[in-house]
Amino acid sequence: MRIAVLGAGSLGTIAGAYIADGGQDVELIDVYQAHVDALNQSGAKITGTTDFEAKVKAITPDNMSGTYDLVLLLTKQLYNDSVLQGLLPFLGDQSVVLSLQNGIPEGKVGSIVGRERVIAGSVEFGATFIEPGVSSLTTEFNHFKKYAFQIGELNGEITDRIKQIKYILDLVGATHISENLVGTKWSKLLINNAFSGLSTALNTEYGGVLDHEVSIVSAAHIADETIKVGHANGVKFAKMNTFDIASLEMNSEDEMPERVQTLRTFMEPSRLLKASMLQDLEKERKTEIDYINGVVPRLAEGKGISTPYNDIVVKLVKQAEETQSVPTFDINIQFFEDLNKRKTV
C-alpha cells in the first residue's frame with residue numbers, strides 16, 4: 001500500500017514517522033520546504049512526552065507522483081478546495097482519503113474527491129510543531145498509545161478497507177473503529193471547541209484552561225452549548241476513550257461543580273497541548289475558528305438555542321486575526337468572567 005500524509009505538520013510528522021518506522025511505503029507531503037528538507041536529511045524527530053526518531057521520505061505537493069492508495073488528510077480546512085483539487089490526479093478508483101481534519105469536513109471532502117473514497121477520522125492526541133523536522137508530542141505517551149485515532153466509514157459499516165486502515169494506524173497508536181462516525185466527529189468538535197478554541201482566545205495551553213476557575217467553567221458551558229446544538233441537529237455523540245461525552249450536558253448551574261471535575265480529570269493528560277489555532281495566530285496566519293467554534297452558532301440558527309460562549313470565542317479569535325496579534329489572557333478572561341456572572345444571576 002502506498003500512503004501519503006498530506007499536511008505533515010505537528011500531527012502529520014508524528015503519524016508519518018511511526019508509519020515509516022513500521023516498514024510502510026509512506027510519503028510525508030508539506031508545503032514548508034525547510035521542513036521537507038530537514039525530514040529528508042535528518043529524519044523525523046519526536047520530542048515532548050517521548051523521544052523517538054525515524055527515517056522518512058518527504059516531498060512538497062508539486063513533487064507528488066503516481067497513485068496513492070491511502071491519503072491521510074491533515075491539512076487545514078481553509079485550503080480544502082485547492083489541496084483536494086491538486087490531489088485528484090493522484091487518486092485511483094480504489095484510493096481512500098482519510099479525513100483527519102478538525103471539525104466536520106467530510107461533506108466538502110466528498111464533494112471534491114467522491115464520497116465513496118472518503119473515510120473519516122478523529123485524531124485523539126496533541127502535538128506542537130517545534131522546528132523543521134521536529135514535532136513535540138504533548139499527550140501523555142501511554143494515553144497516546146492507547147487512544148491515537150478513531151476512524152469510520154460514513155455509513156457506519158465495518159468494511160475490509162477500514163480494517164486495513166486500522167492496521168496501518170495502529171503502528172502509530174491504538175486505533176478504534178467507530179460505527180457512529182458523525183457522533184465521533186462531534187465529540188472531537190466538542191473538545192476542540194471547549195479547549196482548542198478557548199485556549200486560543202485566552203492565549204494559554206490546555207493546562208491554563210484547566211487551572212483557572214473562570215476558564216474551566218467557561219469550557220463546561222462551551223461543551224454544553226455544543227451538545228445541545230448537536231442534539232438539536234440529530235447527532236448522537238459517540239463515546240471518547242470510553243467516556244460518554246454527552247454526559248457533560250447540563251440541566252442547571254447546580255451541576256457545574258461535577259462537570260468541572262469531570263473535565264479536569266478527562267483532559268489532564270492533554271494539559272501540555274498548545275492549540276494549533278494559537279500557533280497560527282503567533283505566525284500571523286488565519287485560523288480554522290469558523291470550522292471549530294463557529295460550527296455551533298451556525299447550526300444553532302432556527303433551533304432556539306443561544307451560544308454566547310462559542311460566540312465570544314469566535315469573536316475574540318477573529319479580532320486577533322484581524323490585528324495580527326495574540327490575545328492577552330488577563331484581558332480576554334474578563335469576557336468569560338462576565339458571561340459566568342450572568343449565568344449565575
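Buried means under 20% relative accessible area, exposed means over 50%, and partly exposed is in between (1.4 Å probe, protein chains only). We're working on a predicted model, where local features need pLDDT of at least 70, side-chain atom pairs count only at pLDDT 80 or more, and totals for chains, interfaces and linings use all residues. Residues are numbered from 1 along each chain as its sequence is written, and side-chain values use heavy atoms, leaving out hydrogens and water.

**Exercise 1.** Work out which accessibility class R271 falls into, then list its contacts.

Solution.
- Start with the place: R271 sits in the loop between α10 (256-267) and α11 (276-282); helices here are DSSP runs (H or I, at least four residues), numbered from the N terminus.
- Its relative accessibility is 26%, so R271 is partly exposed.
- Skip neighbours within four places in sequence, and R271 contacts E205, Y206, G207, L210 and D211 (contact: heavy atoms within 4.5 Å).

**Exercise 2.** Classify the packing of α9 and α13, then find where E225 fits in.

Solution.
- Take the geometry: α9 (residues 213-232) and α13 (residues 308-323) pack at about 110 degrees, axes 8 Å apart.
- Roughly perpendicular covers 65 to 115 degrees, so α9 and α13 are roughly perpendicular to each other.
- On the α9 side, S218, H221, I222, E225 and T226 make the contact, against P308, Y309, N310 and V313 of α13.
- Now zoom in on E225: at 5% relative accessibility, E225 counts as buried.
- Not counting residues up to four places away in sequence, E225 touches V296, S306, T307, P308, Y309 and N310.

Methods:
Axes are lines fitted to C-alpha atoms, for helices over the stretch in contact, and angles run from 0 to 180 degrees between N-to-C directions. Helices (H or I, at least four residues) and strands (E, at least two) are DSSP runs, numbered from the N terminus. Angles under 35 degrees count as roughly parallel, over 145 as roughly antiparallel, 65 to 115 as roughly perpendicular and the rest as oblique.
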